[in-house]
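Colleague: I would like to go through this model one question at a time. Please give the reasoning first and the answer last.

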Amino acid sequence: MATLRELKSRIGSVASSEKITGAMKMISSAKMHKAEGYLRRLKPYRSQVETIISSMLSSDASFSSPLLEQREVKRLTLVVWGSDDGLCGAYNVNLAKRMADDITRLRDEYPGVTLKIVAVGSKIYKACCRVSGDSVDVEKAPEWISPKSEGQAVGDYVRSLVEDFTSGNTDRIEGLYMNYQSASRQRPQLMTLLPVDQSNFGVDQRSGVPYIIEPDAATVVRRALPMYILAIVEDIFTENRASEQAARVMAMQSANDNAKKLQEQLKLEYNKLRQEAITTELLDIIGGQAK
């Protein structure tokens, strides 16, 4: 049975843990809101690029791009975004489960395909290694890229993905990430990055309006498609960051609630033990006086 001193020490430790998890929750919440703000700023840019491409598709102009090339899928790259850090609940576990399901589906869809999994994040890399085997290669993303990357690093990574596709190193690139819907709702989502699927673009309602394209449609499309892919990947990085921090907020809230419950239980046990000790002392005093 624990002594009063031991219980008091445990209560102090739990109280310290409660303060730490509370502080971590506040930090993660601030980071999540920062990522949310960045997502809102990205939306107009992506929307404008999509409008440009949609206008090209709706016009009678002819164009082509290697980024639109649909070819037989013999080599497929699956980029999985996860986290570098822990303490985010089942965040990486949920991604790993969805990844296993997607691998099964992709193998059925493309029989005999050679699959390469690229893990963005050290935690998700460990989960990816569990599915390596025949026709499945697992590798880490380049050292200069991480789940927290933004700006120039993301642009460089997008160029490397485009180079892999256009050079024929891979016939298709899919991206698996955690789609951020709200602070309490995130869902794993698979998206085709390359080749660009024209069905992703809505038909411009002004399709009957003639367009004057300068210098020409091919040049505009060659410029717009890489911008579109960059916008998508930046979106993925940002949604992944927001989702990770949201998962961490929930995990820290759960840990904080558990710490409070444990602290209450320990205080109750401490008070009971203290009351027993006081009662025993009073009985000894009364017994001594009676003698």
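Colleague: What volume does the second largest pocket have?
Modeller: This is a predicted model, and the figure is computed from its atoms. Of the 13 residues that line the second largest pocket, the closest to its centre are Ala90, Tyr91, Asn94, Gln186 and Ala247. The volume of this pocket is about 220 Å³.

Colleague: Which element gives the largest share of the lining of the second largest pocket?
Modeller: Three elements, α2 (91-109), β5 (185-194) and α5, each supply at least two residues of that lining. By class, the lining holds seven nonpolar, four polar and two charged residues. The largest share is four residues, and the element that gives them is β5.

Colleague: Which element gives the most to the lining of the largest pocket?
Modeller: The largest pocket has a volume of about 270 Å³. Its lining includes Lys31, Lys34, Ala35, Tyr38 and Arg41. Both α1 (4-58) and α5 (217-290) supply at least two residues each. With five residues, the element that gives the most is α1.

Colleague: How many residues in the lining of the largest pocket are charged?
Modeller: Among the lining residues are Lys148, Glu150, Arg241 and Glu244, along with Ala242 and Gln245. Sorted by class, the lining has three nonpolar residues and one polar residue, and the number of charged residues is seven.

Colleague: How many charged residues are in the lining of the largest cavity?
Modeller: The structure holds one cavity of 30 Å³ or more, and about 40 Å³ of space lies in the largest cavity. It is lined by Ile53, Leu57, Phe63, Leu68, Gln198, Phe201, Val221 and Leu225, with α1 and α5 each supplying at least two residues. Seven of the lining residues are nonpolar and one is polar, and the number that are charged is no residue at all.

Colleague: In what order do the strands of the sheet stand?
Modeller: Strands of a sheet pair through backbone hydrogen bonds, either parallel or antiparallel. Here five strands form an open sheet with mixed pairing, in the order β3-β2-β1-β4-β5.

Colleague: Why is one side of β3 and of β5 left without a neighbour in the sheet?
Modeller: The twist of this sheet averages 25 degrees from one strand to the next. β3 (136-140) and β5 each have a single partner strand, so one side of each is left without a neighbour, and the place where both stand is the edges.

Colleague: Which residue in β3 stands opposite alanine 119?
Modeller: Strand β2 (residues 114-120) and β3 run parallel and are joined by five bridges. In β3, the residue opposite alanine 119 is lysine 140.

Colleague: Which residue in β5 stands opposite glutamate 174?
Modeller: β4 and β5 run antiparallel, with nine bridges joining them. The two strands form a hairpin with two residues between them. Opposite glutamate 174, the residue in β5 is threonine 192.

Colleague: Where is proline 195, the residue that follows a cis peptide bond?
Modeller: The peptide bond from leucine 194 to proline 195 is cis, with omega near 0 degrees. The place of proline 195 is the loop between β5 and α5.

Colleague: What is phi of leucine 87 near?
Modeller: Leucine 87 lies in the loop between β1 and α2. Its phi is positive, in a residue other than glycine, and the value is near 60 degrees.

Colleague: How far apart in space are alanine 251 and alanine 90?
Modeller: Alanine 251 has its place in helix α5. Leaving aside its neighbours within four places in sequence, alanine 251 is in contact with Leu87, Cys88 and Gly89. Alanine 251 and alanine 90 are 161 residues apart in sequence, while in space their C-alpha to C-alpha distance is 8.7 Å.

Colleague: In which element is confidence highest?
Modeller: The mean pLDDT of the protein is 86, and 92% of its residues reach 70 or more. Confidence is lowest in α1, at a mean of 84, and at 96 the element where confidence is highest is strand β1 (residues 75-81).

Methods:
Residues are numbered from 1 along each chain as its sequence is written. This is a predicted model: local features need pLDDT of at least 70, side-chain atom pairs count only at pLDDT 80 or more; totals for chains, interfaces and linings use all residues. Side-chain values use heavy atoms; hydrogens and water are left out. On a 1 Å grid over the protein atoms alone, a cavity is a set of points where a 1.4 Å probe fits but cannot get out, and a pocket is an open set with protein on both sides within 12 Å along at least five of seven lines; lining residues have an atom within 4 Å of a point. Grid points are joined across faces, edges and corners, and a volume is the space filled by probe spheres set on the points. Ala, Val, Leu, Ile, Met, Phe, Trp, Tyr, Cys and Pro count as nonpolar, Asp, Glu, Lys and Arg as charged, and the others, Gly among them, as polar. pLDDT is the predictor's confidence in each residue, from 0 to 100. Two strands pair if DSSP finds at least two bridges between them. Axes are lines fitted to C-alpha atoms, for helices over the stretch in contact, and angles run from 0 to 180 degrees between N-to-C directions. Contact means heavy atoms within 4.5 Å.
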